[in-house]
Structures are given as structure tokens and as C-alpha cells.
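Visitor: I am new to this structure and would like a close look at a single part of it. Could you pick one spot and show me how the rest is built around it?

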Amino acid sequence: MISAAHCSEIVRAYDQQGWHRTGSAVDNDSGEWLVREMHARGVAAELEPFPFTRVDADPCRVWAGDWQVVGQPMPDGLLPPPGTTITGVLSDSPGIASIALVRIDQHGQSALLDSLREQPWKAVVAAVEGTPTGLTLRNAWHYDDPRGAPTIQVPASAWERLNALKAQGVAINASCGATRSEVTASNVAARISGSQPSLPPVVVLTPRSGWWNCAGERGGGIAVWLEVARHVRALGLKRDTVFLATTGHELGFVGIQRYLDHDPGLAPDALLWIHLGANIGALESPTVVRSPDESLLRTIEDLERTKLNSLLQPEFVVTPQPPGGEAVVVAGAGGKYVSLVGRGFSLFHSTEDRWPRAIDAEAVALNAGLVLELILLLDTVEP
């Protein structure tokens, strides 16, 4: 049985490391921590480094007169040099002196924002729906191909004031300068050998980077990853089990893309990829299991009912919906996958996503138990 207390301690340690921004000192230290944690569980893990261009933003804010709001630039836009102040008027019409204003959520509406950013604005100010306090951000889908007007994300609480400034025709200022630094980022990889290494392996994949401390968003997946590895090592399975923890999640999934560039055969050759997606065991976030294989979904539903005594019910959902997160990259490379995701997490992408309030440790442990039962079942599949 996987312990909820152990899972909670893993999330606590991960949370306290700081902002898990790809290629940052925290991200690098966190990767080394994962290697140590795997070694402590008897699993030989190592860093898989790759060259990475990191965006380092100036302190970012939007202001007019004595009013200001702190924000964060989208790192996949064409950001100006450090120290730059952009001045313009909030408007509905693009132009060299016009700044767009839009209200969006932290996950959807990509087409709306992308279309707006491609127009000739001086800048875009995006009020992002999220928690009542703190700052909620969106992922940067075009990180490898920066494009569009400089875009500053601010809390949705600034929306009314910004709209008033727009109606008054008052000029606003925005600071969103940034530098680009050539650094090294790293995935973490481990392989637990089985007794029949010629069999197709099972891959357990978790993203390990994200906006802010991301205890609920990423911490549950990391706890599941570590605790399942501990048990798989002790079980003596037939198949190899590959464990991958990839950085670059918030930046268009660059970590898994770089890994598959290095090992392109792993995606199609694996028996199954188990993708530990966002918000696993996060506060009040029921588990959704996605796969295009409806037979596999029925099997997982049966596992949850018979092996876990329906402890994830009544809000355990299986669905053939399209993949999300890193599973998109795996599927695009020819991999078969099943993806676990927590639905409706209220602190998603927010500075407020912190341990302990962000997680349900019992739910994290139950999800880990489900993954372990699935790996045991897959080990019985004949070649």
C-alpha cells in the first residue's frame, strides 16, 4: 500500500524548492533532488541535459499615475530589451500607439489570444482569470518560435480598473523587458530492468516544471512517479519500466520533445506510456483517465473498482477524449498512452498553488496505487 503521508512529504519538499521554471536554478536543483530520491529508492536515475534558451524577465508591471498592477510577460512573445517601458492607449483598434486589453482564463481560449497577439499592437495586456489573490499564468505554447506583440499577464482583479482607463483614454505604461540566456536544462530518466528486457517497456512520464511552486499541479504526479518506482523495483517484473520526469512543461512541452529527439524509438516501441498529467490528487480534483483505447479504459475502470474498492469513486472518470499535455507529443510520435489528469483544480497555474492546502494526499496515494496495479497488469500481457 502506498502511503498518503509519504506522498504528502514528497509534495512538501517539491513545493518548498520554489518556482519550478524551466532552466532556472530551482529547476536544476529539483532535477538533482529527483535523482537523489530515486537513488534512495534503489533506482539508478540520471540527468539528461539539453541546451535551452531561458527568458529572464525584468520586474513586470502595468501602471498609470499612482496606480499599478504587478504582472508577468508571456515568454513566447517578442519581448523588448531590458529596461524598456512601453507607453500607449488601451484601444480596440490595432496601431503603433495602441495596447490591446483582453480577459482570458488560464487554460483555454488560445485561438483568441493568438489571433490578437498577431495583430500590430504595441502590446497586449491580458487579465487572466484565476484565484482571487495572487497571479495566474498561461502556458507559453510557442516558446520555440517567439511571435506576436509583447503580452503582459495581470490578475483578473485589475480588469475593472484597466477598462476604466481604456474608457477615459488615459495612457498606460508597461514594463516587460527580458533577456535570453543560453543555459542547460535537464530531464530525469531511469530504467528498471525486467527479467525479459526484449519485451516492449512501459514508460511512466511526469512533467516536473511549471508556473510557480505548483504543488497541486505537478507535485502529485511527482509523488506518484517516485513511489511507483519504489514498488516496481521491488517487484521483479518481466518488462523494463522507464521513468521520465521532463522539464519544459509550461513552455510548449520542450522537455519531452527534446527527449524524443534523442531517443525517437521509445515512443512507438513502448507497450504503453502512462502519462501523469496535471493536478493528480489536487484539492477537489477528480481523476480523469484518457486514452484512445476504449478497451484499455474499461480495463482501468475495472482495476479501480476491484483493486482499489472504488475508492476513487464516484468522481473517477474514464474518457476517450483527445490527449492533453505531454501525451500530445507522445501520441504524435506514435506512442500508445493513457493519461491521468485532475479536473477542475481551482488553484491551477496560480501563485496560491502551495502545499498543504493544494493537495489531497489520500487521493495522490490512491492514484499511485492505480498506476501500480496497471503496471502489474501490463506485465502479464503476452508479446
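**Starting from one pair of residues**

Guide: Gladly! Let us start at Arg-290, which stands opposite Thr-319 in strand β15. Before we go further, please keep in mind that this is a predicted model. Arg-290 closes strand β14, which covers residues 287–290. Three bridges join β14 to β15, and these two strands run parallel.

Now step back to the sheet they belong to. Eight strands make up this open sheet, and reading across it you meet β1, β10, β12, β11, β13, β16, β14 and β15, in that order. The pairing is mixed. At the edges stand β1 (45–57) and β15 (317–319), and each has a single partner strand, so one side of each is left without a neighbour in the sheet. On average, neighbouring strands here are turned by 20° against each other, if direction is ignored.

Let us visit the other edge, too. There β1 is joined to β10 by 13 bridges, and the two run antiparallel. One place to see this is Arg-54, which stands opposite Ser-181 in β10. On from there, β10 pairs with β12, again in the antiparallel sense, over five bridges. Ile-192 and Thr-241 in β12 stand opposite each other.

Next come two helices that lie on this sheet. Helix α10 lies across β11, β13, β14 and β16 (337–342), so to place it, look for a direction at about 175° to β13. That brings us back to β14, the strand of our starting pair, which is joined to β15 by three bridges. Helix α5 packs on the sheet as well, touching β10 (178–192), β11 (202–207), β12 (241–246) and β13 (272–276). The direction of α5 makes about 155° with that of β12.

How do the two helices sit with respect to each other? The axes of α5 (residues 215–235) and α10 come within 9 Å and cross at roughly 40°. Angles under 35 degrees count as roughly parallel and 65 to 115 as roughly perpendicular; α5 and α10 are therefore oblique to each other. The crossing in which α5 passes α10 is right-handed. On the α5 side, the residues that meet α10 include Gly-220, Ala-223, Val-228 and His-231. On the α10 side, Val-364, Asn-367, Ala-368 and Val-371 are among their partners.

Val-228 deserves a longer look. Leaving aside neighbours within four places in sequence, Val-228 is in contact with Phe-243, Ala-368, Val-371, Leu-372 and Ile-375. Val-228 also belongs to the largest nonpolar core, which has 63 residues. Val-228, Met-38, Trp-225, Phe-243, Ile-274, Leu-374 and Ile-375 are the members that touch the most other members. The most is given to this core by helix α10 (residues 361–378), with eleven residues. There is also a second, separate core of 21 residues, and it includes Trp-67, Ile-99, Ala-123 and Ala-127.

That leads us to another sheet. This one is open too, with eight strands in the order β3-β2-β9-β5-β6-β7-β8-β4 and mixed pairing. Its edge strands, β3 (67–70) and β4 (72–73), each pair on one side only. From β3 we can walk inward: β2 (residues 61–64) pairs with β3 in the antiparallel sense over four bridges. Here Trp-63 stands opposite Gln-68 in β3. Helix α3 (residues 110–117) packs on this sheet and touches β6 (98–104), β7 (123–128) and β8 (151–155), with its direction at about 175° to that of β6. Helix α4 (residues 159–168) packs there as well, touching strands that include β2, β3, β5 (85–90) and β9 (171–175). Further along the sheet, β5 and β9 run antiparallel, joined by five bridges, and Ile-86 has Ala-174 in β9 as its bridge partner. On its pairing with β6, β5 is parallel, over two bridges. Leu-90 stands opposite Ile-99 in β6.

One last stop: Thr-133 sits in the loop between β7 and β8. Its relative accessible area is 47%, which makes Thr-133 partly exposed. Apart from neighbours within four places in sequence, Thr-133 is in contact with Ser-350 and Glu-352.

Conventions
Residues are numbered from 1 along each chain as its sequence is written. This is a predicted model: local features need pLDDT of at least 70, side-chain atom pairs count only at pLDDT 80 or more; totals for chains, interfaces and linings use all residues. Side-chain values use heavy atoms; hydrogens and water are left out. A nonpolar core is a set of buried Ala, Val, Leu, Ile, Met, Phe, Trp, Tyr and Cys residues joined through side-chain atoms within 4.5 Å. Buried means under 20% relative accessible area, exposed over 50%, partly exposed in between (1.4 Å probe, protein chains only). Contact means heavy atoms within 4.5 Å. Two strands pair if DSSP finds at least two bridges between them. Axes are lines fitted to C-alpha atoms, for helices over the stretch in contact, and angles run from 0 to 180 degrees between N-to-C directions. Angles under 35 degrees count as roughly parallel, over 145 as roughly antiparallel, 65 to 115 as roughly perpendicular and the rest as oblique. A crossing is left-handed if the near helix is turned anticlockwise from the far one by less than a right angle, and right-handed if clockwise.
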